[in-house]
Structures are given as structure tokens and as C-alpha cells.
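Please open the structure in your viewer and keep the selection tool at hand. The tour begins at one residue, moves along the backbone and ends with the whole chain.

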Amino acid sequence: MGRLSVTLCGIELDNPVIPASGTFGFGKEFSEYYDINILGTFSFKGTTREARFGNPTPRIAECPAGMLNAVGLQNPGVDHVIARELPEMKAYFHKPVMANVSGFSVEEYVDVCRKLDREPQVGWLEVNISCPNVHGGGMSFGTSPQAAAEVTKAVKAVTTKPVIIKLSPNVTDIVAIAKACEDAGADGVSLINTLLGMRMDLRTRKPLLANVTGGLSGPAVFPVALRMVYQVANAVKIPVVGMGGVSCAADVLEMMMAGASAVEVGAANLVNPWACRDIIRDLPEVMDKYRIETLRELRK
């Protein structure tokens, strides 16, 4: 194992850096900028049973130290992903990929996970029970321990690959929800998804986003994300994937010191398409600065 290598749910990664779902598509566009095989892996675009156009526009808004998005899980649907995206991916990405799954019912989560579990390129299933930008699904499953456990148990019953449940920060007690997922059989949890927020258009005196509210991401959320990762990592025995405002190598080290086994990078990819490449490049130098020999020592 190399200096930067880590293990996530039994699968070794060359490094802990993982572009987050919703910010990296299916990797093809980024592969034109650099060889994305340098990544630990990436979490591809959130996938539902049926194709979704997403929310009406405008659905992106800038704000200090971050951005709001209310894209609404736009994606081509699981059958298209299996028929087109995954076969094309073989040409430019040669590692196991993380499949991000969203749904509007337990049955939909089960159906999509069952199908993606059969695909050889898929290494992990990241089950998103935390999207704040859709109605009738997404975050509604991630705001109660009972609902989170129900999805987890149902998905685990039809899958063989590691299941990582993606948690919402828009709750009173994220630790209780993480523990419920662990008890229901989750192999890991990832957190945090975006924080619910909004902006007003001063000229129209109406909400700037057509969806009214959206998910806040970017550096502004990093301290909140770090706190939640720390709390969850100290409460569960399964791996934690940390994310939320990560934009540099030092942020990755903070996340791992807080208890993360791997780290996802989200909004930074939208600002700088080379963000993950640069983080991986900078990690050894920052590790040297703080006398960290290997990343594995941070997980003892």
C-alpha cells in the first residue's frame, strides 16, 4: 500500500479523494482535462429509476463562500446508465466506481440498487437519502432513524456490494440516524449532503431559485460538515466518508483526523475542474508539513 492509500469498505483506494455525486457527471467531461484514474474513485451522477429533467430554472445561485443548487436529480435513469454510461466509462476509468442512487420510495431504491449491484464496474452503492431539492423523496427518508433504517435494510436485502448511506445535515440528531443505518446493516455512511438555504432577488422581491430553496455547498459548510463527521465517526464502527466544503489537501487531512476513511470533493469541482487532481498532488507536501507519514496512521 502506498503512502496515500486507504481502504473503504474492504476495497483499497490509491488515495482517499473522491469527486462527489452531482459535481462530476459520469466522469467523461473531466477525463478530457486529466487522467481521472489518479482518483481514489468517483461517485457518479445521482441515478433514479426513471429519467428526470430536474427542477425548473433558475436552479443555481451564488452566495458568499459557496453556492445554492436546486437541480433536482436530473439524470437519464438507471436503464440508460447501465446501457450507455457504464459501458462508455470503461474506456476512460479503470477502477471500481461508486454508484449514487436516489429514489422516491423504498421500492425505487431497491429496484435501482438491485440493477446497479449487478454491474461489474460498480464497487460501492452510495444510497442518497438526503437530497433536499426534490419533493416526495430524497431527504424525507433521511430525517428519521426509522425511515433511514427501512431503506438501508431493504437495499441490503437485494445487494452484495458495500452499501454506503448518504446522510442529511438538515436534522436535529445526525448521530441517531447514522446509528440506525449501521444497525440496519449499512457498510458505511457518507456525510454531509447540502444544507438547506435560499436567496432573495432584490429586484423581483421573490426567491431567486424557482424551487424557492436549494442546497448550500462550498467552503461555508466545511466547519459544520467536519463537526458532524467527527460526531458520527465517534459513534459508529462502520467507515465514514466525509464531505462538505472540502477544497484543498489540508481539508482532506482535517476530515480524516475527524474520523473519515475517505473524502468526497463536491462544489470545488465546479469552480476548478482540476480541483481533485490538485488535491492529490498537494497531499504529500501537506503531509510532510505536519509530519504525517501515511494517511492510514490518521485512522488508528
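Does N55 count as buried or exposed? Select N55 and look at its surroundings: at 8% relative accessibility N55 counts as buried, where buried means under 20% relative accessible area, exposed over 50%, and partly exposed in between, with a 1.4 Å probe and protein chains only. What you have open is a predicted model, in which local features need pLDDT of at least 70 and side-chain atom pairs count only at pLDDT 80 or more, while totals for chains, interfaces and linings use all residues. Residues are numbered from 1 along each chain as its sequence is written, and side-chain values use heavy atoms, with hydrogens and water left out.

N55 lies in the loop between α1 (28-31) and β4 (60-63); helices (H or I, at least four residues) and strands (E, at least two) are DSSP runs, numbered from the N terminus. Add A70 to the selection, and you will find its backbone oxygen 2.8 Å from a polar atom of the N55 side chain.

Stay in the loop between α1 and β4, where P58 also lies, and display the backbone from T57 to P58: the peptide bond joining T57 and P58 is cis, with omega about 0 degrees. Then go to L191 and I192, which are likewise joined by a cis peptide bond, here with omega about 10 degrees; I192 is found in the loop between β9 (188-191) and β10 (195-197).

Next come two phi angles. Most residues other than glycine have a negative phi, and most peptide bonds are trans. Select A65 in the loop between β4 and β5 (66-69): although A65 is not a glycine, its phi is positive, at about 60 degrees, and at 45% relative accessibility A65 counts as partly exposed. R205, in the loop between β11 (200-201) and β12 (206-207), has a positive phi of about 60 degrees and is not a glycine either, but at 73% relative accessibility R205 counts as exposed.

Finally, zoom out to the whole chain, which has nine helices and 15 strands. Its radius of gyration, taken over C-alpha atoms, is 18 Å, close to the 19 Å that the globule rule gives for 300 residues, so the chain is as compact as a globular protein of that length; the rule is 2.2 Å times the number of residues to the power 0.38. Along its principal axes the C-alpha trace spans about 50 × 45 × 40 Å, and 59% of the 300 residues count as buried.

Note on methods. Polar contact = N/O pair within 3.5 Å; in protein donor to acceptor, adjacent residues only side chain to side chain.
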